[in-house]
Amino acid sequence: EKRNALRAVLAYTFRTAALLCSTGPLMQTFLSSIGFSEQQIYMHATLFQAVNMITILLCSRFADTKKVLLRTAMIQIPGAILFLGYLPLCLSRNVSAESYVWLLVISLLQSATFALHTVCEYKVPYYIYRPEAYGSVLAICGIISSLVSFGVGSVMSALSLRYSYPTLMIGAFLLSCLFLLTAGTLQFFQRSLIPLTDQSNAAVKKTPLIEVFRHKAFSYLFIGNITRGFASGVMTILAAAALSIGYDEVLTTAMVSVQSIASMLACFLFSIVSRYINPRSSILCGSLFFAAFPLLLIPERPILFLAIFALLTFGRTLVDYAIPAALLYVVPVEIAGTYNAWRMILLNGGTMLATIMASFLPLPALFTIALICQLITGFNYFIFKNKDSSPKPNVTK
């Protein structure tokens with residue numbers, strides 16, 4: 001288990017560093033720097049989420065196999081190679097219909113590989129950890145990956161003052177490819193703690209979808225997962241929103257470092273409190289930070305913008321890490337792959353809705369809806385209780 005945890009932390013760190021260049025501030029700033037419009041950037045984010053959601057929908061049973069650990073490792077190889085597909089955009093710097101189509105082809109193929117990894121990653125913990133260890137490992141993953149993300153953001157911020165963004169992204173995409181390949185290699189060496197016979201029975205059992213949908217954790221949290229997706233979707237386009245408010249590339253690049261620090265602090269806090277309080281309380285507390293969302297609209301206050309962005313990231317990180325830890329206790333391994341696949345479908349559906357609405361809604365309305373949605377999520381999870389309120393994990397031993 002200790003070796004599994006070490007490999008998981010390292011793989012998570014490398015994967016997080018790689019994915020900084022697939023979506024979020026770095027990618028949005030890059031697309032803006034080579035001339036794509038705000039509407040094209042929003043559309044790119046929308047389609048990325050749409051393909052992610054459709055892939056999860058069509059492949060929700062991708063993790064229902066005794067070779068789930070191998071699948072988790074192998075699916076990262078094409079995702080890594082696809083980072084090389086962005087290099088022509090860095091070199092040509094030619095904004096045209098053809099270049100936008102090329103961007104979408106590479107991004108959407110990559111989104112499909114990320115979706116298949118998502119289907120697997122929520123079932124893998126059942127095999128490589130004891131449930132009581134999962135929260136701590138998650139927190140450590142977040143702390144170390146945040147440190148790496150902060151380093152990447154700091155370097156990019158410093159270099160952006162000297163070099164053009166397309167030039168910087170050549171190195172960033174090459175490193176992302178290498179990092180994701182490394183994460184896949186580490187995953188390949190993970191070993192299951194479940195005996196082989198039990199592992200096979202638990203992994204391949206085909207639970208009817210209707211039973212998954214009827215499970216209390218799915219039906220009761222249905223709305224909360226969609227509203228969480230909407231709030232997260234608005235968070236993903238904050239770099240583009242900052243540019244439309246009037247801030248420059250220096251600020252949007254600095255958002256990466258700020259995001260890393262806030263995430264690290266949230267993970268550090270979660271690593272402490274996860275041993276003493278129910279994860280549902282962390283979900284509610286994290287959601288309450290979204291009350292600061294409207295303050296992003298105050299113009300010409302870059303320090304304030306970054307401070308509010310840090311608070312929002314802190315809150316979202318608490319939610320993101322507390323939800324898997326909470327669900328591990330109430331979702332049995334037999335339905336874990338399919339359950340979490342459909343949970344992510346709801347999440348991505350909400351995210352896609354947010355990026356669609358971002359293209360025509362004014363920012364005040366968009367931010368207000370995001371605030372309300374996250375509060376709904378926080379209270380939805382907080383008042384949800386399993387029939388057995390004691391922390392006894394419902395997983396195959």
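1. A cavity, in the sense used here, is a set of grid points where a 1.4 Å probe fits but cannot get out. With that in hand, welcome to this predicted model: a search of the whole structure turns up three cavities of 30 Å³ or more. The second largest cavity has a volume of about 120 Å³, and this note looks at its walls and at a helix that helps to form them.

2. Who lines this space? The lining residues of the second largest cavity are T23, G24, M27, Q28, H44, A45, F48, Q49, T236 and T355. Two elements, α2 (25–33) and α3, each give two or more residues to that lining. Helix α3 supplies the largest share, four residues.

3. It is worth a look at the character of the wall. The lining of the second largest cavity counts seven polar and three nonpolar residues, with no charged ones.

4. Now please follow α3 to its helix partner. Helix α3 (residues 38–58) packs with helix α7 (residues 97–121) at an angle of about 35°, and their axes are 8 Å apart. The crossing of the pair is right-handed.

5. On the α3 side, the contact is made by Q40, M43, H44, L47, F48, V51, N52, T55 and I56. Their counterparts in α7 are Y100, L103, L104, S107, L108, S111, A112, F114, A115, L116, T118 and V119. By class, this contact of α3 with α7 has 14 nonpolar and seven polar residues, and no charged ones.

6. One last thing to look for in the viewer: H44 and F48 of α3 meet α7, and H44 and F48 also line the second largest cavity.

Methods
Residues are numbered from 1 along each chain as its sequence is written. This is a predicted model: local features need pLDDT of at least 70, side-chain atom pairs count only at pLDDT 80 or more; totals for chains, interfaces and linings use all residues. Side-chain values use heavy atoms; hydrogens and water are left out. Axes are lines fitted to C-alpha atoms, for helices over the stretch in contact, and angles run from 0 to 180 degrees between N-to-C directions. A crossing is left-handed if the near helix is turned anticlockwise from the far one by less than a right angle, and right-handed if clockwise. Contact means heavy atoms within 4.5 Å. Ala, Val, Leu, Ile, Met, Phe, Trp, Tyr, Cys and Pro count as nonpolar, Asp, Glu, Lys and Arg as charged, and the others, Gly among them, as polar. On a 1 Å grid over the protein atoms alone, a cavity is a set of points where a 1.4 Å probe fits but cannot get out, and a pocket is an open set with protein on both sides within 12 Å along at least five of seven lines; lining residues have an atom within 4 Å of a point. Grid points are joined across faces, edges and corners, and a volume is the space filled by probe spheres set on the points.
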